[in-house]
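Visitor: Please give me a close look at a single part of this model, residue by residue where that is useful. I should like one connected account, with each term explained as it arises.

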Amino acid sequence: MNFWDKAVRFVYGFCWHPTVFGDTDSRDGDAGSVGPHGVSAAAVGVSALAQDTDCLGPHGVSAATVGVSALAQDLFNFEITSQVPEGLSNHVVSKTKAQASCYKKLLVAWKASNPPPKTPEEASRLVLQTLKNHLKADVEGLLKFYGLPLAPIPVVTTVEVPVELPQGEEFELQTLPVEARCVTDGDGITVYVSTSDPRESRLVPQEVLVTALKRSEARAQGEKTRAKELHKTMIAAGYQVINVKNEEVLARKYRIRLRGIDAPEGDMPYGKEAKEELAKIVKGKCLRVLVYGEDQYGRSLGDIYCNGNFVQELMLKKGMAWHYKAYDQRAELAKCEKNARAKRVGLWALPNPEEPWEWRRKNK
């Protein structure tokens with residue numbers, strides 16, 4: 001069983017079949033027990049997986065962040081069941097109702113954080129800030145329960161000027177490695193982003209998570225047909241399980257339209273060459289995509305960077321696209337096209353290349 005299967009089964013065991021107050025099911029052991037560092041059994045389960053690999057798969061859990069992961073899982077469980085983890089009462093003085101109030105506040109604060117806590121210090125700081133009006137014994141007990149520091153390291157500010165985001169950018173994507181078949185043409189590409197990404201993790205529909213867990217169970221039980229049907233359901237919702245370096249990753253699909261350029265259509269001269277050139281640039285690479293809204297077809301308009309190189313500029317310099325002046329007035333793109341024209345490279349070697357927008361108007 002690969003790590004994804006183990007991880008999904010672990011999450012399923014602790015998030016969807018939790019050992020909560022009144023639950024006498026002991027097939028997973030004492031879920032409320034606490035390890036030597038005050039971390040709950042859910043966290044110990046994650047720690048046990050750490051023995052299998054140094055990098056704990058698509059969810060980025062490591063031995064250093066076990067407590068953070070356990071808290072996140074317990075909050076996810078609380079959102080579904082309204083139950084706090086068993087064993088917490090051994091560390092706090094308040095009754096169950098007051099404990100639930102704490103978890104309700106923490107859940108709201110966790111969801112509102114952007115990005116959510118990744119380190120023990122960040123998680124501890126969120127707990128202390130959110131529960132600052134609660135009993136000190138309860139707050140410290142909760143921190144000890146997850147093995148989080150009682151006094152997190154202060155945030156150190158610097159005099160560095162933050163890097164400005166490009167004007168109009170809505171959000172940024174860091175993609176999984178791109179396959180050549182995901183390039184649709186010279187200015188279009190389909191990419192996948194792991195749901196372990198902080199932004200994506202907050203956007204995954206609950207029904208997709210449930211389907212992913214059911215699929216993993218079906219695969220573990222050898223029910224290949226059922227697993228395939230469940231995967232089709234996920235794909236229809238815009239998500240897919242992708243194999244990356246022998247690890248299965250739940251990812252979200254994005255259709256990207258390269259912003260600022262217009263490549264020849266498939267049936268036009270240099271249409272095939274433009275598609276092949278883009279595929280050659282991005283194949284096997286993880287891309288950085290800055291998204292600026294959507295086009296009329298629901299594709300995300302994006303600037304794409306590959307190994308630090310601006311992909312639109314590469315396509316223009318190789319004579320594989322026009323600068324789309326009607327929708328983009330960037331001088332650097334206009335200069336790239338001008339230089340390619342002067343060198344007569346790519347499509348500019350043709351005697352009278354036709355603009356894609358004119359071709360589309362004639363060939364609706």
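Guide: Y270 is partly exposed, with a relative accessible area of 23%; buried means under 20% relative accessible area, exposed over 50%, and partly exposed in between, with a 1.4 Å probe and protein chains only. The model is a predicted one, in which local features need pLDDT of at least 70 and side-chain atom pairs count only at pLDDT 80 or more, while totals for chains, interfaces and linings use all residues. Residues are numbered from 1 along each chain as its sequence is written, and side-chain values use heavy atoms, with hydrogens and water left out.

Y270 is not a glycine, yet its phi is positive, at about 75 degrees. The residue belongs to the loop between β6 (261-262) and α10. Here helices are DSSP runs of H or I with at least four residues, strands are runs of E with at least two, and both are numbered from the N terminus.

Helix α10 itself covers residues 271-282, and at 1.5 Å a residue its twelve residues should span 16 Å; the end C-alpha atoms are 17 Å apart, which agrees. The expected span is 1.5 Å times one less than the number of residues. Within α10, the buried residues are G271, A274, E277, L278, A279, I281 and V282. As background, an α-helix has 3.6 residues a turn, so residues three or four places apart point the same way. The buried residues of α10 pack against the strands β2 (183-185), β3 (188-194), β5 (247-258), β7 (287-294) and β8 (300-306), and also against helix α11 (311-317). Contact means heavy atoms within 4.5 Å.

One of the buried residues of α10 carries a charged side chain by class. E277 sits in α10 and counts as buried at 10% relative accessibility. Leaving aside neighbours within four places in sequence, E277 is in contact with M315, K318 and M320. After α10 comes G284, which has a positive phi near 75 degrees.

Strand β3, one of the partners of α10, holds T190. T190 has a relative accessible area of 12% and is therefore buried. When residues up to four places away in sequence are not counted, T190 touches C182, T184, K253, Y254 and R255. Of these, K253 is 63 residues from T190 in sequence, although their C-alpha atoms are 7.0 Å apart in space.

Strand β5, another partner of α10, is preceded by a loop that offers a second positive phi. K245 lies in the loop between β4 (239-244) and β5. Phi of K245 is near 50 degrees, and this residue too is other than glycine. K245 is exposed, with a relative accessible area of 78%.

Earlier in the chain, helix α8 has 15 residues and reaches 21 Å from its first C-alpha to its last, close to the 21 Å expected at 1.5 Å a residue. V208, T211, A212, L213, R215, S216 and A218 are the buried residues of α8. G222, just after α8, takes a positive phi of about 75 degrees.

Helix α8 (residues 206-220) packs with helix α9 (residues 224-236) at an angle of about 160 degrees, their axes being 8 Å apart. Axes are lines fitted to C-alpha atoms, for helices over the stretch in contact, and angles run from 0 to 180 degrees between N-to-C directions. The two helices are therefore roughly antiparallel to each other; angles over 145 degrees count as roughly antiparallel, those under 35 as roughly parallel, 65 to 115 as roughly perpendicular and the rest as oblique. From α8, the residues T211, A212, K214, R215, A218 and R219 meet R226, A227, L230, H231, T233 and M234 of α9. By class, this contact of α8 with α9 has five nonpolar, three polar and four charged residues. For these classes, Ala, Val, Leu, Ile, Met, Phe, Trp, Tyr, Cys and Pro count as nonpolar, Asp, Glu, Lys and Arg as charged, and the others, Gly among them, as polar.

For the chain as a whole, there are 13 helices and ten strands. Buried residues make up 45% of the 364 residues. Of the contacts between residues at least 6 apart in sequence, 68% join residues at least 24 apart.
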